[in-house]
Amino acid sequence: MTFLPRVGRQIAPFLALASLSAPLAAQNRPAAAKSVPSRTAQRPVWSDEGPLKWAPRPTEGAITANDLRTRLYGFADDSMLGRRIGEPGNYKGTSYIASEFKRLGLKPAGDSGTFYQVLPFGPIGFDSSSATLSVGGRALARQRDWIPTTPTLANGFGGAASLNGVPAVYAGVWGDSTVMLDAAAYRGKVLVFSAAPSTGRVAASSGAPASFVSCADVPDKFGANASIAEEARQRANPSAPAARRAVPTGVRDPRAAAAGAAAVLVIGLDDMSAQQVTAAFAQPMGMRPTQPLNANAPAAATISRAAAEQIFGKSATALRVGDTGAPVTADFRHQWRMSATPARNVIAVLPGSDAKLATEYVLVGAHNDHVGVNTVVVDHDSVRAYNTVVRRQGSNDPVCTPTAEQQRKIDSLIKVARAVRAPRRDSIMNGADDDGSGTVVMLEIAEKFAKEKPARSIVFISHQGEEGGLLGSRWFTDNPTIPLTQIVAAHNMDMVGKGRDWQVKYGGPNSVQMLGARRLSREFGDIIDSVNANIAEPMAIDKSWDVPANPLNRFCRSDQVNYVRKDIPVVYMSLGYAIDYHQQTDEPQYIDYDHSARLGRFVHQVMTAVANRPDKPAIAGPDPTMPTCNR
């Protein structure tokens, strides 16, 4: 799931057991393996803390807490390195999901008869090993003498340079529109500019950075109603203090392209930070561009003053417009390539048993990715102590400076932890709740259905890249492997591992937050309520988040959005945000497995009711009062 509240009451120190998890390969080891806590289990620190290790056992047909433990302790293990999209840990996770679909006898529904639907996702940027720039036959050193410039809409530069002995000419200061560049003199040449005087500055202060804000001044947004009230207050006071942000420094200068420049060099490397220089060869992951950005524009690089002197034979400060220099040879290109460990949706189908209804589908999904390894290393128990007191919804809440009383509470919690165990430094974002919990519940639902014969077909989809911007669900709904018009209802589960009464507003052992069921089909919502009224384990459905106000932008932050976009009735189920949301502490030992199993049984019963009804839920059309999420 792709962040605030002051503590309204003191939360007593939480206590329980601790540990790491078993590899996925052991998930179905022989029945002799016992699901018991580790013999080395130590005293617990937190009240919601289960064993740090879990010995796996074969799963069964029923949806059970121990099955979920067996699955999640492997899926959210440290060895998975946070399952970031396109990275080896995520690839390993999707392999596990596909192997489970295969073991259960489900039918592949991905690309070319496989369980996988591969996304065109991978690194994009400059290859530091092959990028070259030389002057007069002498190579310039990457990062010391020059770096390529990443093309953006703001700067207007192209991303590919292929030059062989092209003359260089000085063209003045970048962005100085008072100097006209005669195309006859500059066409086909490498134009060298001096960087404009820095405009990078901090805007006039309009409030201290978030890290210096007292937690006493952070508004309470714990629960939908509190969030709605605070967001309404902010709308009514648009001039309320905002965080400081830097004034943009990028300036587009159309003169080079208009003059027909072969490439642009800007003298400014010496004034850049080490981080900026290093970032020039970073290759962030992303979806394949539909076409190269600024494809017909000249590429650019930033060079040092020493490199400029090598080109022109004199100091950069002595250059005058029109000065000619040594020929430039260059070869570098900003390009995308597929990840070595491809990003994949994992899709399976259980064919329906009714000859007529089997061509229609009931879908259930959850996302398999999380956010990888954090660059910040923290102490596990200190983070939990801090969040328990001042960040009850994890990253939904800002970092702030505790009051003296809050700090005393935090210190007392850390003291309890230190009496039990030494500090544990951690940087892996395991994503046990977000959305390992939804993933393993989906697998349990699949194992339950695999032994049944619903009338309609059932689609199980593990969405890729939700954390990257709902990428996998967008790719599936834009490139469906089954007819979208035949999906009668969809169920999305995200963060279904924590819903205790002290963790979320209106929480409890049978709570569930539900959004979206009636946005397109009032009847779909009625079916869910009817099922809930007639089962042995009814859920306490919290609909306070499912309102036009869309508190915390809640409905727009998970994969259900892309099904609504295609007019497919969809419900979003969650147990809510808790203290470990997008934190290094989101680990398997803190999941409420009994609660998750109960929710899984409920989702299975709702899906069964939809799958076996003679008629599919009628679509009434979009509810104009509800958020559209700009999609």
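This passage walks through one sheet, one enclosed strand and two helix pairs in a predicted model.

A good place to start is the open sheet, which is built from 8 strands. Reading across it, the strand order is 5-4-12-7-8-9-11-6, and the pairing is mixed. Two strands form the edges, namely strand 5 (138-139) and strand 6 (146-148), and each of them pairs on one side only. At the strand 5 edge, the neighbour is strand 4 (residues 132-135), and the two are joined in the antiparallel sense by 2 bridges. To find this pairing in the structure, it helps to look for S134, which stands opposite A139 in strand 5.

Attention now turns to strand 19, which spans residues 487-493. Of its 7 residues, 7 are buried, so strand 19 is largely enclosed by the rest of the structure. Strand 19 pairs with strand 15 (residues 361-367) through 5 bridges, and these two strands run parallel. Within this pairing, Y361 has I487 of strand 19 as its bridge partner. Strand 19 also pairs with strand 22 (residues 570-574), again in the parallel sense, here over 4 bridges. A handy landmark for this second pairing is N492, which lies opposite Y572 in strand 22.

The helices offer two crossings to explore. In one of them, helix 1 (residues 65-75) meets helix 10 (residues 432-449), with axes that come within 9 Å and cross at roughly 135°. Angles over 145 degrees would count as roughly antiparallel, and helix 1 and helix 10 are therefore oblique to each other. Their crossing is right-handed. On the helix 1 side, the contact involves D67, L68, R71, L72 and F75, while the helix 10 residues they meet include V440, V441, L443, E444 and E447. Sorted by class, this contact has 7 nonpolar, 3 polar and 4 charged residues.

The other crossing brings together helix 12 (residues 522-533) and helix 14 (residues 593-612), whose axes come within 10 Å and cross at roughly 125°. Helix 12 and helix 14 are therefore oblique to each other, and helix 12 passes helix 14 in a right-handed crossing. Here F524, I527, I528, V531 and N532 of helix 12 meet F602, Q605, V606, A609 and V610 of helix 14. By class, the contact between helix 12 and helix 14 has 8 nonpolar residues, 2 polar ones and no charged residues.

Conventions
Residues are numbered from 1 along each chain as its sequence is written. This is a predicted model: local features need pLDDT of at least 70, side-chain atom pairs count only at pLDDT 80 or more; totals for chains, interfaces and linings use all residues. Side-chain values use heavy atoms; hydrogens and water are left out. Two strands pair if DSSP finds at least two bridges between them. Axes are lines fitted to C-alpha atoms, for helices over the stretch in contact, and angles run from 0 to 180 degrees between N-to-C directions. Angles under 35 degrees count as roughly parallel, over 145 as roughly antiparallel, 65 to 115 as roughly perpendicular and the rest as oblique. A crossing is left-handed if the near helix is turned anticlockwise from the far one by less than a right angle, and right-handed if clockwise. Contact means heavy atoms within 4.5 Å. Ala, Val, Leu, Ile, Met, Phe, Trp, Tyr, Cys and Pro count as nonpolar, Asp, Glu, Lys and Arg as charged, and the others, Gly among them, as polar. Buried means under 20% relative accessible area, exposed over 50%, partly exposed in between (1.4 Å probe, protein chains only).
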